[in-house]
Amino acid sequence: MKKYRCTICDYIYDPVLGDPDSGIAPGTPFEQIPDDWICPICQVDKSNFEPVD
């Protein structure tokens, strides 16, 4: 599973860890996160994330 980086604040979403504080369980691929999820650091939406190589 790919990691995704917020282009605004550089937060890395790691699917292995998920985002439990926002209700995203560990093991959740970025593509399966609800569209209304926001970056836990800078509060922007998913459209501001890009895959990390």
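In this predicted model, Lys 46 and Asp 35 form a salt bridge whose closest N and O atoms are 3.9 Å apart. Lys 46 and Asp 35 both lie in the loop between β2 and β3, so the pair ties together parts that are eleven residues apart in sequence. The two partners sit in unlike surroundings: Lys 46 is buried, with a relative accessible area of 14%, whereas Asp 35 counts as exposed at 69% relative accessibility. Lys 46 has a further contact, since its charged end sits over the ring of Phe 30, 5.0 Å from the ring centre.

**Salt bridges**

How many salt bridges does the structure hold? There are five. Side chains of opposite charge can pair when their charged atoms come close. Three of these pairs are listed here with their N to O distances.

| Lys or Arg | Asp or Glu | N to O distance |
|---|---|---|
| Lys 46 | Asp 35 | 3.9 Å |
| Lys 2 | Asp 53 | 3.9 Å |
| Arg 5 | Glu 50 | 2.3 Å |

The bridge between Asp 53 and Lys 2 links distant parts of the chain, with Asp 53 in the segment after β3 and Lys 2 in the segment before β1, 51 residues apart. Asp 53 is exposed, with a relative accessible area of 92%, while Lys 2 counts as partly exposed at 43%.

Arg 5 and Glu 50 form a salt bridge with the closest N and O atoms 2.3 Å apart. Arg 5 belongs to strand β1 and Glu 50 to strand β3, so this pair ties together parts that are 45 residues apart in sequence. Both side chains fall in the middle range of accessibility: Arg 5 is partly exposed at 24%, and Glu 50 is partly exposed at 32%. Asp 10 joins Arg 5 and Glu 50 in a network of salt bridges.

**The sheet**

In what order do the three strands stand in the sheet? The order is β2-β1-β3, in an open sheet with antiparallel pairing. β2 and β3 are at the edges with a single partner strand each, so one side of each has no neighbour in the sheet. Strands of a sheet pair through backbone hydrogen bonds, either parallel or antiparallel. Between β1 and β2 the antiparallel pairing runs over two bridges. Arg 5, which also takes part in the salt bridge with Glu 50, has Ile 12 as its bridge partner in β2.

**Aromatic side chains**

Seven aromatic pairs are present in the structure. The ring centres of Phe 30 and Trp 37 are 6.2 Å apart and the planes are at 90°, so this pair is edge-to-face. Both Phe 30 and Trp 37 are buried. Trp 37 also pairs with Phe 49 in a tilted arrangement, with 5.3 Å from centre to centre and 50° between the planes. Trp 37 is in the loop between β2 (12-13) and β3 (49-51), and Phe 49 is in strand β3, so the pair ties together parts that are twelve residues apart in sequence. Phe 49, like Trp 37, is buried. A pair of aromatic rings is described by the distance of the centres and the angle of the planes.

Which residues make up the aromatic cluster? Tyr 4, Tyr 11, Tyr 13, Phe 30, Trp 37 and Phe 49 form one cluster. One of its members, Phe 30, is the ring over which the charged end of Lys 46 sits. Lys 46 thus connects this description to the salt bridge with Asp 35.

**Surface and loop**

Met 1, Val 16 and Leu 17 form a nonpolar patch on the surface, and their accessible area together is about 350 Å². Met 1 is in the segment before β1 (4-6) and is exposed, with a relative accessible area of 64%.

Ala 25 is located in the loop between β2 and β3 and counts as partly exposed at 42% relative accessibility. Ala 25 and Pro 15 are ten residues apart in sequence, and their C-alpha atoms are 8.5 Å apart in space.

Terms used:
Residues numbered from 1 in each chain as written. Predicted model: local features only at pLDDT ≥ 70, side-chain atom pairs only at ≥ 80, totals over all residues. Heavy atoms only, no water. Patch = residues over 30% accessible without salt bridge, like charges linked within 9 Å, V, L, I, M, F, W, Y side chains within 5 Å. Areas by Shrake-Rupley, 256 points an atom, 1.4 Å probe, with all protein chains shown as cover. Salt bridge = Lys/Arg side-chain N within 4 Å of Asp/Glu carboxyl O. Helix = DSSP H or I, 4+ residues; strand = E, 2+ residues; numbered from the N terminus. Buried < 20%, exposed > 50% of the residue type's maximum accessible area, 1.4 Å probe, protein only. Phe/Tyr/Trp six-rings, centres within 6.5 Å; stacked < 30°, edge-to-face > 60°. Lys NZ or Arg CZ within 6 Å of the ring centre and 35° of its normal. Pairing = 2+ DSSP bridges.
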